[in-house]
Amino acid sequence: MTRRNDTPAKLEALTDLLKGKSTMLIVLQNNPDADGMAAAMALRKLANKLKVTCSIACSGTVGRAENRALVRYVNLKVREIAEMSPKWFNLIALVDTQPGQRNSSLPPRIKPQIVIDHHPIRPETRTVAFHDVRSTYGATATILYEYLQAASIKPDMPLATALLYGIRSDTQDFGRKAHQADIDASAELYGLANKRMLGAIQRGRVPLEYFRILATGLINARNCGRCIYSGLGVVENADMIAEVADLLLRYEEAEWSLCWGYHAGGALLSVRTISQDLPADRIVRHIVRHRGSGGGHPSMAAGQITLAADTVADRDRLDRLIPRRFLEITGCDAAVCRRIT
Ligand SMILES: [Mn+2]
């Protein structure tokens, strides 16, 4: 693990790699979150100082209302990865995800030269020319903030706001896996950020569709002792799956929550937990085993299962399999399951 005081050495190595290059493609997770986007903006800022111009790209969409509000405020252009050719760039960087991770927008055949992330390190990452993975950190934005600091670059107001919002949302306001570095970075960023904008982002305005999916999530929700789960059916906005999983975990008796939905030919699922004994990433791996992939943090994780044929029958089968496996690994009793509405 990289300790804080390693940042200057890391920055030097990164600077060496960037020097003399003219273009870099910064790639995010698919359906990127605020932490990833803020980290990409900070990396772009560093690169711009060294005369490297950057494009930021992902697959999927920025779905969550708060993140859309952030993108509008900072005027961030996130491009569609399918429309970019790696040949156009001297360097490819992956932030807030890693090579071989299913949520990475980078096709597996393309190898990045730079990886900066805070998820558990993957073997593929160790072969990347420059990598800085700090899995004890609550946010990738914190790592990038330390780079800016080490490079004596003061973030402008939009960047400071994005970094602060990225850290706060990834650590759920420091309630979840926050490192002292996340708290220090936030304290410093607070003075530079646009507080009014931060408030507006957090109360992001939403389309009517949001309430329709939320209602479906509540109607379909089942509570079985310490477990709570809901299936959303087909969703246009994949971020709603994580949002409903977050919401369900607020139930006072719940230790584990699960939400899933169908999007772009596959099932996507999110698991959240407050339990120390059975982490969310293990639950996800159990649910998707032999059928898909997944991973994440101990308190929050996500997975996906690709559907052979995206038919109603296929989805019905998964609508039974996913909660069954969830109850199986958590030890919650299917016999006591009840609707919550
Ligand atoms: Mn993150």
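**Exercise 1. A salt bridge between two domains**

In this predicted model, glutamate 243 forms a salt bridge with arginine 64, and the closest N and O atoms are 3.4 Å apart. Work out which parts of the chain this pair ties together, and whether glutamate 243 is buried or exposed.

*Solution.* Begin with the location of each partner: glutamate 243 lies in helix α9, whereas arginine 64 sits in the loop between β2 (53-58) and α3, so the pair ties together parts that are 179 residues apart in sequence. Next, turn to accessibility, where the cut-off for a buried residue is under 20% relative accessible area; glutamate 243, at 11% relative accessibility, therefore counts as buried. Finally, look for further partners: the side chain of arginine 64 also meets that of glutamate 66 in a salt bridge, at 3.9 Å from N to O, and glutamate 66 counts as buried because its relative accessibility is 16%. These residues belong to a network of salt bridges that links Arg64, Glu66, Glu243, Asp246 and Arg272.

**Exercise 2. The interface of the two domains**

The chain is divided into domain 1 (4-202) and domain 2 (208-339). Describe the contact between domain 1 and domain 2, starting from how many residues each contributes.

*Solution.* Domain 1 supplies 13 residues to the contact, and domain 2 supplies 13 residues. Between them the two domains bury about 1200 Å², of which 39% is on carbon and sulfur atoms. On the side of domain 1, Arg64, Arg102 and Arg176 lose the most area to domain 2, and together they make up 49% of what that side buries. Then consider the pairs that cross the interface of domain 1 and domain 2, where 2 salt bridges are found, and where 6 residue pairs are in polar contact. Sorted by class, the side of domain 1 that touches domain 2 has 2 nonpolar, 6 polar and 5 charged residues. For the separation of the domains as wholes, the C-alpha centres of domain 1 and domain 2 lie 27 Å apart.

**Exercise 3. Two mostly covered helices**

State how many residues of helix α9 (residues 239-248) are buried, and what the buried residues of α9 pack against; then do likewise for helix α10 (residues 280-288).

*Solution.* In helix α9, 9 of the 10 residues are buried, among them Glu243 and Asp246, which are both members of the salt-bridge network. The buried residues of α9 pack against two helices, α3 (65-74) and α8 (208-220), and against the strands β8 (227-234), β9 (256-263) and β10 (266-273). In helix α10, 7 of the 9 residues are buried, including Ile283, Val284 and His286. The cover over the buried residues of α10 includes β9, β10, β11 (292-296), β12 (300-306) and α11 (312-330). After α10 comes histidine 290, whose phi is positive, near 65°.

**Exercise 4. A second salt bridge**

Among the 11 salt bridges found in the whole structure, consider the one that arginine 134 forms with glutamate 146. Where do the two residues lie, and is arginine 134 buried or exposed?

*Solution.* The closest N and O atoms of this pair are 2.8 Å apart. Arginine 134 is in the loop between β6 (130-133) and α4 (140-150), while glutamate 146 is in helix α4, 12 residues apart. With a relative accessibility of 0%, arginine 134 counts as buried, and glutamate 146 is likewise buried, with a relative accessible area of 3%.

Definitions and conventions: Residues numbered from 1 in each chain as written. Predicted model: local features only at pLDDT ≥ 70, side-chain atom pairs only at ≥ 80, totals over all residues. Heavy atoms only, no water. Domains from an automatic or database assignment. Contact = heavy atoms within 4.5 Å. Buried area = accessible area lost by both parts, 1.4 Å probe. Salt bridge = Lys/Arg side-chain N within 4 Å of Asp/Glu carboxyl O. Polar contact = N/O pair within 3.5 Å; in protein donor to acceptor, adjacent residues only side chain to side chain. Nonpolar A, V, L, I, M, F, W, Y, C, P; charged D, E, K, R; others polar. Buried < 20%, exposed > 50% of the residue type's maximum accessible area, 1.4 Å probe, protein only. Helix = DSSP H or I, 4+ residues; strand = E, 2+ residues; numbered from the N terminus.
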